[in-house]
Amino acid sequence: MSEDDFPEYITFPRTFETYKWYKPILVFITGAIVYIILQVLIFVIFGMTYGLDAVIQLTQGYESLNSEVGSYISYLSVVIFLPSLYIASKIVRDRPFSSYSSSRGGWDWKLFFKSLSIPLVVYLIYETVTSLIRGPVGPNTLTLAFFLICLIIIPLQCIAEEYFIRGLIMQTFGSWFKIPLLAIILQSIVFASMHPYSILGVLGVFVQGMILGLLTWRSNGLEVGSALHSVNNLTSAYFVAIGFEISSSVISPFDFASTMIVTTISALGLYYVGTRKGWFGEKTEKLM
């Protein structure tokens, strides 16, 4: 099968008999309530375990990612997008939760893991070369526990963010306006607004949102974009931990340009290989 044999992902919600234009709004409101409850639980647990200072670190923007505890809180605060959306979709009963994953039959772990390969090579080459050129810029704080926890929690964080932005938000705009490119632009604006960077950083996130939206559109699902997103965040977290990067809300022109180049090369490579190998035409057997 080819990707053209499946329903178009962005307008996919309209294919269900239960579709109503207002149901995504109900899902968003219900999900927000669940999210707040889960977020409070995270604050309470980390506050009791590490003290109030650990929670206050979240107010420091992306600088909080330079500490281990701050990283855990930040990542978990995004991970809970996924259970919030799942619970909300079950309460509202708008459509099958698997339809947020793809229009191919649900979430495809095989496609996700295959899609990690190309951006992983590209990002590792870039990070290694830039690290050799500029040398250490901070202390090495990497521990085995941090490495293993991030290996699990960061992909979950990226997948959760994709479900919320490229799933709920982009599919909602797509189902309302029935214009995929408009939905991609609008979700990119929402995506950029959620990242408190400097102007260059926000612009960079907007472009990345466009790239991830296009990948999701052309692959009929969230797996490919989630893989690229995961590699981006994982390599950044690890290179910050070993002292070759510093997480900051202020993005330099060099970091902006290099991020755009690396993201674009990775996306083009994924789309080329995925199309040639028929990755996007494989029907998912197990639903998520």
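Colleague: Where does the charged end of R218 sit?
Modeller: In this predicted model, the charged end of R218 is placed over the ring of W217, 5.2 Å from the ring's centre.

Colleague: And what does R95 lie over?
Modeller: R95 lies over the face of Y100, at 3.8 Å from the ring centre. Y100 also belongs to a cluster held together by ring pairs.

Colleague: Which residues are in that cluster?
Modeller: Ring pairs link Y86, F97, Y100, W107, W109, F112, F113 and Y163.

Colleague: How many aromatic pairs are there in the whole structure?
Modeller: A search of the whole structure turns up 20 aromatic pairs. One of them joins W21 and Y22: the ring centres are 5.9 Å apart and the planes stand at 90°, so this pair is edge-to-face.

Colleague: Are W21 and Y22 buried or exposed?
Modeller: W21 is exposed, at 54% relative accessible area. Y22 is partly exposed, with 36%.

Colleague: What about W107 and F112, how are those rings arranged?
Modeller: Their centres lie 5.8 Å apart and their planes meet at 45°, so the pair counts as tilted. W107 and F112 are both buried, and both are members of the cluster we just went through.

Colleague: Let's change topic. Where is helix α4, and what is its span?
Modeller: Helix α4 covers residues 81–92, which makes twelve residues. At 1.5 Å a residue the expected span is 16 Å, and the C-alpha atoms at the two ends are 16 Å apart, so the model agrees with the expectation.

Colleague: Which residues of α4 are buried?
Modeller: The buried ones are F81, L82, S84, L85, A88, S89 and V92. Looking down the axis of α4, these residues fall within an arc of 160°, so they line one face of the helix.

Colleague: Why would residues a few places apart end up pointing the same way?
Modeller: An α-helix has 3.6 residues a turn, so residues three or four places apart point the same way.

Colleague: What covers those buried residues of α4?
Modeller: The cover includes α1 (23–50), α3 (68–79), α5 (98–101) and α7 (144–177).

Colleague: What follows α4?
Modeller: R93 comes after the helix, and its phi is positive, near 60°.

Colleague: I also spotted I87. Where is that?
Modeller: I87 is in helix α4 too. Its relative accessibility is 35%, so I87 counts as partly exposed. If you want a long-range pair to look at, I87 and S266 are 179 residues apart in sequence and 33 Å apart in space, C-alpha to C-alpha.

Colleague: Switching again: how many disulfides are there?
Modeller: The count comes to zero.

Colleague: Why is there no bond for C150?
Modeller: The closest cysteine sulfur to that of C150 is in C158, and it is 11 Å away, which is too far for a bond. To count as a disulfide, the two sulfur atoms must be within 2.5 Å.

Colleague: Are C150 and C158 buried or exposed?
Modeller: C150 is buried, at 0% relative accessibility. C158 is buried as well, with a relative accessible area of 0%.

Colleague: Last one: where is T11, and what does T11 touch?
Modeller: T11 is in the segment before α1. Leaving aside residues up to four places away in sequence, T11 touches G174 and K178. T11 is buried, with a relative accessible area of 18%.

Methods. Residues are numbered from 1 along each chain as its sequence is written. This is a predicted model: local features need pLDDT of at least 70, side-chain atom pairs count only at pLDDT 80 or more; totals for chains, interfaces and linings use all residues. Side-chain values use heavy atoms; hydrogens and water are left out. Helices (H or I, at least four residues) and strands (E, at least two) are DSSP runs, numbered from the N terminus. The expected span of a helix is 1.5 Å times one less than its number of residues. Buried means under 20% relative accessible area, exposed over 50%, partly exposed in between (1.4 Å probe, protein chains only). The arc is that of the directions from the helix axis to the C-beta atoms. Contact means heavy atoms within 4.5 Å. Rings of Phe, Tyr and Trp (its six-membered ring) pair if their centres lie within 6.5 Å; planes under 30 degrees apart count as stacked, over 60 as edge-to-face and the rest as tilted. A charge sits over a ring if NZ of Lys or CZ of Arg is within 6 Å of the ring centre and within 35 degrees of the ring normal.
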